Amino acid sequence: MPKEDRLRMIHSIQRYFEMNLDEHIGELKAGFMLDFILKEIAPSVYNQAISDAQAYLGERVLDLGATCFEEEFQFWD
């Protein structure tokens, strides 16, 4: 990930701790927290998102014949 994005995430974690837990943590600890979240929790979120996208697209593909169909030879009707 770009360094700027990682730094924004670290600052967001620091802000969360300060606002919700009344605790100040430094960039190093916030970086460790971010690494933990990315390695331990993010894969579950990612997998669920992929599963949701597959289900959504699967429904759309099944409905493709009904939504992408035009009656033929309609000029003389």
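**Exercise 1. Salt bridges**

Determine how many salt bridges the predicted model contains, and which residues form them.

*Solution.*
Step 1. The criterion is a side-chain nitrogen of Lys or Arg within 4 Å of a carboxyl oxygen of Asp or Glu.
Step 2. Asp35 and Arg6 satisfy this criterion, their closest N and O atoms being 3.0 Å apart.
Step 3. Arg60 and Glu59 also form a salt bridge, with an N to O distance of 3.7 Å.
Step 4. The count by this rule is 2 salt bridges.

**Exercise 2. Placement of the Asp35 pair**

State which helices hold Asp35 and Arg6, and how many residues separate them.

*Solution.*
Step 1. Asp35 lies in helix 2 (residues 27-62), while Arg6 lies in helix 1.
Step 2. The two positions are 29 residues apart, and the pair thus links distant parts of the chain.

**Exercise 3. Accessibility of the paired residues**

Classify Asp35, Arg6, Arg60 and Glu59 as buried, partly exposed or exposed.

*Solution.*
Step 1. Buried requires under 20% relative accessible area and exposed over 50%, with partly exposed in between.
Step 2. Asp35 has a relative accessible area of 26% and is therefore partly exposed; Arg6, at 28%, is partly exposed.
Step 3. Arg60 is partly exposed at 40%, and Glu59 is partly exposed at 48%.

**Exercise 4. A nonpolar patch**

Identify the residues that make the nonpolar surface patch, and explain why Met9 qualifies by accessibility.

*Solution.*
Step 1. Met1, Met9 and Leu38 make the patch, which covers about 270 Å².
Step 2. Met9 is located in helix 1 (residues 3-21).
Step 3. Patch residues need over 30% relative accessible area; Met9 qualifies because its value is 33%, which is partly exposed.

Methods: Residues numbered from 1 in each chain as written. Predicted model: local features only at pLDDT ≥ 70, side-chain atom pairs only at ≥ 80, totals over all residues. Heavy atoms only, no water. Patch = residues over 30% accessible without salt bridge, like charges linked within 9 Å, V, L, I, M, F, W, Y side chains within 5 Å. Areas by Shrake-Rupley, 256 points an atom, 1.4 Å probe, with all protein chains shown as cover. Helix = DSSP H or I, 4+ residues; strand = E, 2+ residues; numbered from the N terminus. Buried < 20%, exposed > 50% of the residue type's maximum accessible area, 1.4 Å probe, protein only.
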